[in-house]
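Let's work through a few exercises together. Keep the sequence and the 3D view open, and try each task before you read its solution.

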Amino acid sequence: MSNFLHLQTEQITAVPASLVSRMVTQALAEDIDQGDINALLIAENEQARGRVITREPMVMCGYDWVNEVFKQVDRELKIHWYYHDGDEISANKTLFEVEGLARSILSAERNALNFLQMLSAVATKTREYVHAVKDTNCTILDTRKTIPGFRLAQKYAVTCGGGMNHRIGLFDAFLIKENHIAACDHSITKAIEKAREVAPDKMVEVEVENFNELDEALKAKAEVIMLDNFSLEDMQRAVAIASGRAQLEASGNVSLDNIYAVAKTGVDFISIGALTKNIQAIDLSMRFI
């Protein structure tokens with residue numbers, strides 16, 4: 001597996017506790033607001049034990065968020081985990097159990113599951129793509145197409161699924177695209193030269209749409225070149241032309257149906273926006289025991 005981008009951009013292998021706390025605080029505020037009137041249906045001192053089960057196979061992600069939700073609702077609640085982030089879990093398995101005041105468990109339930117099912121969906125989808133190219137030397141990358149406010153959480157989920165983070169945002173690497181090039185006198189060379197002046201220590205990647213642009217990007221010494229919507233045959237040709245002078249990233253119209261063929265062209269990376277923007281929450285449920 002290639003590691004060039006790993007050396008150039010930070011990989012999100014954990015999310016700061018302070019950020020997790022802020023995310024949970026906001027989620028609870030919009031859900032509970034002035035108080036959970038549903039909880040008042042239950043006796044104040046009623047004790048309960050809840051069990052959370054996955055109804056489908058999944059890769060888990062969201063451990064810290066679940067813990068934080070229950071902690072902010074009621075520090076006396078006790079959680080018993082059976083799995084951790086990154087674990088592959090088959091359908092109908094118990095992920096964790098929580099015990100304490102029934103009111104507290106029910107007030108926390110929805111938000112705990114919201115974080116867990118969404119982040120696990122990202123990790124699960126990522127693992128599917130990673131598995132599809134496991135017999136190649138290609139690395140699966142995420143993109144900036146994330147849910148606003150969930151950037152680091154979703155990128156963490158990608159790493160739990162075995163993928164690699166592309167740049168985290170607009171601050172840690174250059175990705176020179178069509179409009180940047182147009183604004184630099186339609187010159188890839190000028191855009192790359194300007195990037196070197198602005199931040200010489202940052203990775204420079206440029207998106208190209210044809211072989212003339214590929215040739216210019218190679219001559220300007222871009223470190224990574226994104227092949228935008230190239231056909232399989234053109235990707236193979238681009239790999240031969242680049243011949244190790246830059247690493248190549250495939251992007252556009254990639255799915256589980258064709259990703260292996262894309263990886264076999266010899267590109268170093270495949271970036272997939274669907275990892276974080278086209279997700280379906282994992283089917284989870286909580287039942288009192």
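**Exercise 1: the sheet**

Describe the open sheet of this predicted model, then find which strands stand at its edges.

*Solution.* Start with the order: the open sheet has four strands, arranged 3-5-1-12, and their pairing is antiparallel. Next, look for strands with a single partner: these are strand 3 (78-81) and strand 12 (284-288), so each has one side without a neighbour in the sheet. Finally, follow the twist, which averages 20 degrees from one strand to the next.

**Exercise 2: a strand pair**

How many bridges join strand 3 to strand 5, and which residue stands opposite K78?

*Solution.* Place strand 5 at residues 94-101; four bridges join this strand to strand 3, and the two run antiparallel. Now find K78: its opposite residue in strand 5 is E99.

**Exercise 3: helices on the sheet**

Find which strands helix 3 touches and which strands helix 4 lies across.

*Solution.* Take helix 3 (residues 63-73) to begin with: this helix packs on the sheet and touches strand 3, strand 5 and strand 12. Its direction makes about 160 degrees with that of strand 3. Then turn to helix 4 (residues 102-132), which lies across strand 1 (47-54), strand 5 and strand 12. Helix 4 runs at about 155 degrees to strand 5.

**Exercise 4: two helices meet**

Which residues of helix 7 and helix 8 meet?

*Solution.* Locate helix 7 (residues 188-198) and helix 8 (residues 211-219), whose axes come within 9 Å and cross at roughly 35 degrees. The crossing is right-handed. From helix 7, I188, T189 and I192 meet E213, E216 and A217 of helix 8. Sorting these contact residues gives three nonpolar, one polar and two charged.

Technical notes:
Residues numbered from 1 in each chain as written. Predicted model: local features only at pLDDT ≥ 70, side-chain atom pairs only at ≥ 80, totals over all residues. Heavy atoms only, no water. Pairing = 2+ DSSP bridges. Axes fitted to C-alpha atoms, helices over the stretch in contact; angles between N-to-C directions. Contact = heavy atoms within 4.5 Å. Left-handed = near helix turned anticlockwise from the far one by under 90°. Nonpolar A, V, L, I, M, F, W, Y, C, P; charged D, E, K, R; others polar.
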